Amino acid sequence: MTNIPMPDEATMARLHDRLVADADHDGLLDLAYRTVDSPIGSLLLVATPAGLVRVAFDREGHDVVLARLADDISPRVLRAPARLDAAAAQLEEYFAGRRRGFDVPIDFRLAHGFRRTVLDHLREIAYGSTASYAAVAAAAGSPNAVRAVGTACARNPLPVVVPCHRVVRSDGSVGQYLGGTEAKEVLLALEAA
Amino acid sequence: MVQPFEQVVEEHGPTVLRVCRALLGPVDAEDAWAETFLAALRAFPRLEPGSNVRGWLVTIAHRKAIDVLREAARTVPTAEVPESAHLDLVGDDELWGAVAALPFKQRAAVVYHHVAGLPYVEVGALLDSSEAAARRSASDGIAALRRREEAR
């Protein structure tokens, strides 16, 4: 009886697509995700109906990130690339050196208070330039909060798209990065080219 | 920590489709699968942590299958699931034919225990019968499938 055959992958893929379409239609697709390949490794992109909510590096563990989002936002999580087509295309252009800024709806719900304020100021640092943690703290209206700026950058839910990689140490060294120092150097070199 | 629903689809999707196919035949199975997973996605945030997810999905699939079978048998006004409901079958595949020929309770008991891996106490709960009756339905079903196999 257990010899009723396991469905093939094409059938399951078709049913998955149908589920995603039905879920989206019924307003049940709380979190859609996909991955994109990049020079700094595979990036996980996650969006709510409001916009891009999370970008995660490979080294964070995509499964770990999704499980945490299921806890923090909603467990209605499906691999649904279509919602992220625009973000994926723009990232591809960015890594090819053909794009300097991102123009996709963003959902900032994972950053609150001062961290959110810092993210807003990060978006003002132009492509190809850098700012020190102290300068961002001053711009955010709290010149003494240099350490808090560091924390806000380290916990940026939307790296690359919100350019925390453009914040460097006052002595000129690149400083820490959630995606690894090497990834930060790659991004700064890409933008300097 | 809550499991993302995508993992639920990956882990249990193929088994639930097998269950739907065995209950309804290959044509109606995909509709039942799609309705089952959409209903599950809707209710997922309210599922108690630590629940048996596969048993929960099979319960939903069972209700969807009964809806389909009742719809198919609507010419006879009855609350009971028809014992030998008509199945849409593709081609003359021997296995589908054999499974489809079983009365609904036997078919469901065989599938829920042997394909979905539910214990007989849960199979009984789904079929409104005791654990012992569910066990008996499944073994009657398996015996009928064997007889058919040998007769070939």
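Student: What share of the 193 residues in chain A is buried?

Tutor: Buried residues make up 51% of chain A. Keep in mind as we go that this is a predicted model.

Student: And what is chain A built from?

Tutor: Chain A has seven helices and six strands. Along the sequence they follow the pattern α-β-β-β-α-β-α-α-β-α-α-β-α. The C-alpha trace spans about 70 × 35 × 30 Å along its principal axes.

Student: Let's take one residue. What makes His62(A) count as buried?

Tutor: The cut-off for buried is under 20% relative accessible area. His62(A) has 13% relative accessibility, so His62(A) counts as buried.

Student: Where does His62(A) sit, and what is in contact with it?

Tutor: His62(A) is in helix α2 of chain A, residues 62-72. Leaving aside neighbours within four places in sequence, His62(A) is in contact with Thr35(A), Ser42(A), Leu43(A), Leu44(A), Ala56(A) and Phe57(A).

Student: Which residues of α2(A) are buried, and what covers them?

Tutor: The buried residues in α2(A) are His62(A), Val65(A), Leu66(A), Ala67(A), Leu69(A) and Ala70(A). Their cover includes four strands of chain A: β1 (31-36), β2 (43-48), β3 (51-57) and β4 (77-79). Here is a general point to hold beside that list: an α-helix has 3.6 residues a turn, so residues three or four places apart point the same way.

Student: Now for helices that pack together. Why are α4(A) and α6(A) called roughly perpendicular?

Tutor: Start with the value. Helix α4 (residues 113-122) and helix α6 (residues 146-154) of chain A pack at an angle of about 80°, with their axes 9 Å apart. Roughly perpendicular covers angles of 65 to 115 degrees. The angle falls in that range, and therefore α4(A) is roughly perpendicular to α6(A).

Student: Which residues meet there, and what kinds are they?

Tutor: Phe114(A), Arg115(A), Val118(A), Leu119(A) and Leu122(A) of α4(A) meet Ala148(A), Val149(A), Ala152(A) and Cys153(A) of α6(A). The residues of this contact divide into eight nonpolar, no polar and one charged.

Student: On to chain B. What does chain B consist of?

Tutor: Chain B has seven helices and zero strands, so there is a plain run to read from the N terminus on: α-α-α-α-α-α-α. Buried residues make up 52% of the 152 residues in chain B. About 7400 Å² of chain B is exposed, with carbon and sulfur atoms supplying 49% of that area.

Student: How do you know that α1(B) and α5(B) are roughly antiparallel?

Tutor: Helix α1 (residues 5-24) and helix α5 (residues 104-115) of chain B pack at an angle of about 165°, and their axes are 10 Å apart. Angles over 145 degrees count as roughly antiparallel, which is why α1(B) is described as roughly antiparallel to α5(B). The contact is made by Thr15(B), Arg18(B), Val19(B), Ala22(B) and Leu23(B) of α1(B) and by Phe104(B), Arg107(B), Ala108(B), Val111(B), Tyr112(B) and Val115(B) of α5(B). These residues divide into eight nonpolar, one polar and two charged. The crossing of α1(B) past α5(B) is right-handed.

Student: What makes α3(B) and α5(B) roughly antiparallel to each other?

Tutor: Helix α3 (residues 53-72) of chain B packs with α5(B) at an angle of about 155°, with the axes 12 Å apart. Set against the cut-off of over 145 degrees, that value makes α3(B) and α5(B) roughly antiparallel to each other. Val58(B), His62(B), Ile66(B) and Leu69(B) of α3(B) make the contact with Phe104(B), Arg107(B) and Tyr112(B) of α5(B). The residues of that contact divide into five nonpolar, one polar and one charged. The crossing of α3(B) and α5(B) is right-handed.

Student: Why is Ala61(B) called buried?

Tutor: Ala61(B), which lies in helix α3 of chain B, has 1% relative accessibility. Buried means under 20%, so Ala61(B) counts as buried.

Student: Which residues does Ala61(B) touch?

Tutor: Not counting residues up to four places away in sequence, Ala61(B) touches Val16(B), Cys20(B) and Thr36(B).

Conventions:
Residues are numbered from 1 along each chain as its sequence is written. Chains are lettered from A and ligands numbered from 1 in the order in which they are written. This is a predicted model: local features need pLDDT of at least 70, side-chain atom pairs count only at pLDDT 80 or more; totals for chains, interfaces and linings use all residues. Side-chain values use heavy atoms; hydrogens and water are left out. Helices (H or I, at least four residues) and strands (E, at least two) are DSSP runs, numbered from the N terminus. Buried means under 20% relative accessible area, exposed over 50%, partly exposed in between (1.4 Å probe, protein chains only). Accessible areas come from the Shrake-Rupley method with a 1.4 Å probe; for residues, only the protein chains shown count as cover. Axes are lines fitted to C-alpha atoms, for helices over the stretch in contact, and angles run from 0 to 180 degrees between N-to-C directions. Angles under 35 degrees count as roughly parallel, over 145 as roughly antiparallel, 65 to 115 as roughly perpendicular and the rest as oblique. A crossing is left-handed if the near helix is turned anticlockwise from the far one by less than a right angle, and right-handed if clockwise. Contact means heavy atoms within 4.5 Å. Ala, Val, Leu, Ile, Met, Phe, Trp, Tyr, Cys and Pro count as nonpolar, Asp, Glu, Lys and Arg as charged, and the others, Gly among them, as polar.
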